[in-house]
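Trainee: Could you take me closely through the place where the two protein chains meet, and then go on from there to the DNA strands? I would like each term explained as you use it.

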2 protein chains.
Amino acid sequence: MGTIGRPRSKSAHEAILKSALRLVAKRGFRAVSMNEIAADAGVGKMTIYRHWPNKAAVVMDSLLELIGNETAFPEAGNALESLRRQLHLQAAFFRSSRGNLIRSLVSEAQSDPELATAFRDRWLYPRRDDVRQNIKAAILEGSLRDDFNIDTAIDQLYGSLYYRLLLGSGVLNEQFIEDTYQQFLTGHQARLAVRKTPKSA
Amino acid sequence: MGTIGRPRSKSAHEAILKSALRLVAKRGFRAVSMNEIAADAGVGKMTIYRHWPNKAAVVMDSLLELIGNETAFPEAGNALESLRRQLHLQAAFFRSSRGNLIRSLVSEAQSDPELATAFRDRWLYPRRDDVRQNIKAAILEGSLRDDFNIDTAIDQLYGSLYYRLLLGSGVLNEQFIEDTYQQFLTGHQARLAVRKTPKSA
DNA sequence: TGGGAAACGATACCTTTGGTATCGTTTCGA
DNA sequence: TCGAAACGATACCAAAGGTATCGTTTCCCA
């Protein structure tokens with residue numbers, strides 16, 4: 001049997017991802033060329049195309065492998081508080097240069113169905129699953145009602161964050177996150193314990 | 001004094017906008033080339049560039065001049081009902097091939113600051129102003145409270161629509177719109193009419 | 001331990017496309 | 001009526017994603 005040949009260079013792989021992340025975060029997807037990424041990583045352009053099928057795939061992997069866990073749900077005393085803190089984490093992530101990665105991939109996905117599927121399956125849905133799990137925990141803790149559509153609630157929670165990231169209509173500051181969180185609570189919080197007066201008060 | 005020269009052809013102008021709208025709505029911004037738009041409109045490519053500075057500007061004007069009023073607030077018995085119907089209109093607009101225009105322009109705007117500004121100033125903000133006016137009317141009618149941040153409320157109302165349009169995470173069906181509208185009401189509706197007792201009840 | 005297969009960096013190349021330059025021609029208005 | 005500018009057509013340019021191929025290097029396995 002023939003041998004396998006020279007193995008892929010792990011150092012080249014990592015250098016490419018790091019260069020792609022740094023350049024795209026700073027200047028955006030379209031402004032960065034593949035030649036530039038290759039030169040910055042000290043690598044031949046063909047080496048990139050031996051590891052990934054196209055430019056979008058490189059940036060997608062940069063996001064997932066290097067900074068994919070920066071918005072994980074933080075520990076907190078209870079599920080609702082963990083959700084609140086995660087919203088602030090996600091806003092900070094979007095405000096930072098990392099936001100350019102998301103903007104770039106969503107932008108390219110509009111004309112690249114394969115990328116759109118990959119972005120949903122590898123970025124969006126896993127994170128939505130985390131939110132869903134958190135909301136279920138909050139329900140079990142008795143903090144949230146149990147009779148609403150969770151997917152719709154997730155859209156309402158995070159939709160306005162993506163909206164401000166992509167449309168630039170407003171600032172993703174802490175006040176906005178607090179307002180969004182409170183509006184979510186208003187609609188989904190379990191009825192507060194002490195309800196002494198009957199409905200016909 | 002010299003004369004003015006031959007005037008711009010209004011028929012060429014309109015033919016270009018119609019071709020751009022039709023082709024981009026059907027196949028998307030990136031998949032349609034300027035040569036193709038020119039050929040479809042029966043026009044020289046240079047004529048397009050005499051009327052618009054670049055491809056994005058043509059599509060932007062197609063949106064505004066040809067279908068910009070398809071999501072106007074419909075007449076209704078009261079402001080809240082008008083808002084509810086407009087949400088359904090906007091969802092239908094996004095579900096139709098017109099949604100490709102919005103997706104295309106938002107996508108291109110991520111790497112084109114001038115287009116981003118134009119999209120906000122000419123598309124987004126005028127429509128947000130309509131929503132703001134509607135919400136103020138609903139407040140005056142006594143249907144909504146008057147102590148919330150209107151801009152944040154608009155983001156929460158429409159953010160999830162743009163989110164589903166751009167991310168494709170869920171269907172923009174009527175149930176989703178109803179849920180979104182109800183969640184908005186839950187947080188912002190005025191306390192139901194009869195409030196006979198003073199605050200210290 | 002040595003030979004073959006495949007990855008490596010480098011570079012030339014192909015194709016597409018947005019945008020420009022320039023042609024001779026047409027149309028208007030002053 | 002004539003000049004200026006727009007017209008359709010076409011050749012062209014530059015940038016960039018992606019491919020092909022070079023000689024070289026590295027490693028696994030026989």
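Mentor: Let us begin with one pair of side chains, those of B:R164 and A:D155, which meet in a salt bridge with 2.3 Å from N to O; a salt bridge here is a side-chain nitrogen of Lys or Arg within 4 Å of a carboxyl oxygen of Asp or Glu. Between chain A and chain B the count is four salt bridges. Before going further, please keep in mind that this is a predicted model, in which local features need pLDDT of at least 70 and side-chain atom pairs count only at pLDDT 80 or more, while totals for chains, interfaces and linings use all residues. Residues are numbered from 1 along each chain as its sequence is written, chains are lettered from A and ligands numbered from 1 in the order in which they are written, and side-chain values use heavy atoms, with hydrogens and water left out.

Alongside the salt bridges, 16 residue pairs are in polar contact between chain A and chain B, both residues being at pLDDT 80 or more. A polar contact is a pair of N or O atoms within 3.5 Å; within protein, one must be able to donate a hydrogen and the other to accept it, and residues adjacent in sequence count only if both atoms are side-chain atoms. On the side of chain A that touches chain B, at least two residues each come from α6 (98-109), α7 (113-140), α8 (150-167) and α9 (174-188) of chain A, and α8(A) supplies the largest share, with 12 residues. These elements are DSSP runs numbered from the N terminus, helices being H or I runs of at least four residues and strands E runs of at least two. Sorted by class, that side of chain A has 11 nonpolar, 15 polar and nine charged residues, where Ala, Val, Leu, Ile, Met, Phe, Trp, Tyr, Cys and Pro count as nonpolar, Asp, Glu, Lys and Arg as charged, and the others, Gly among them, as polar.

Taken as a whole, the contact draws on 35 residues from chain A and 35 residues from chain B, contact meaning heavy atoms within 4.5 Å. The size of an interface is often given as the accessible area lost when the parts come together. Here chain A and chain B bury about 3100 Å² between them, with 52% of it on carbon and sulfur atoms; buried area is the accessible area, found with a 1.4 Å probe, that two parts lose on being put together, summed over both.

One residue that helps to join this picture up is B:R128, placed in helix α7 (residues 113-140) of chain B. B:R128 counts as buried because its relative accessible area is 6%, and buried means under 20%, exposed over 50% and partly exposed in between, with a 1.4 Å probe and protein chains only. The side chains of B:R128 and B:D155 are joined by a polar contact of 2.7 Å. Leaving out residues up to four places away in sequence, B:R128 touches A:Y163 and A:S169 as well as B:D151, B:I154 and B:D155.

Now we can turn to the DNA. DNA strand C is surrounded by 26 residues, of which the closest are A:S9, A:T47, B:K45, B:M46 and B:K55; a residue is near a strand if one of its heavy atoms lies within 4 Å of it. Two phosphate oxygens can be described from chain B: one is 2.7 Å from an N or O atom in the side chain of B:K55, and a phosphate oxygen is also 3.0 Å from a polar backbone atom of B:M34. In chain A, a polar backbone atom of A:R6 is 3.2 Å from a sugar or linking oxygen of DNA strand C. The elements giving two or more residues to the surface near DNA strand C are α3 (45-51) of chain A together with α3 (45-51) of chain B, and α3(A) gives the most, with four residues.

For DNA strand D, 27 residues lie around the strand, and A:K45, A:M46, A:K55, B:S9 and B:T47 come nearest. The side chain of A:K55 has an N or O atom 2.5 Å from a phosphate oxygen of DNA strand D, and an N or O atom in the side chain of B:T47 is 2.3 Å from a phosphate oxygen of that strand. Near DNA strand D, α3(B) gives the most to the surface, with four residues.
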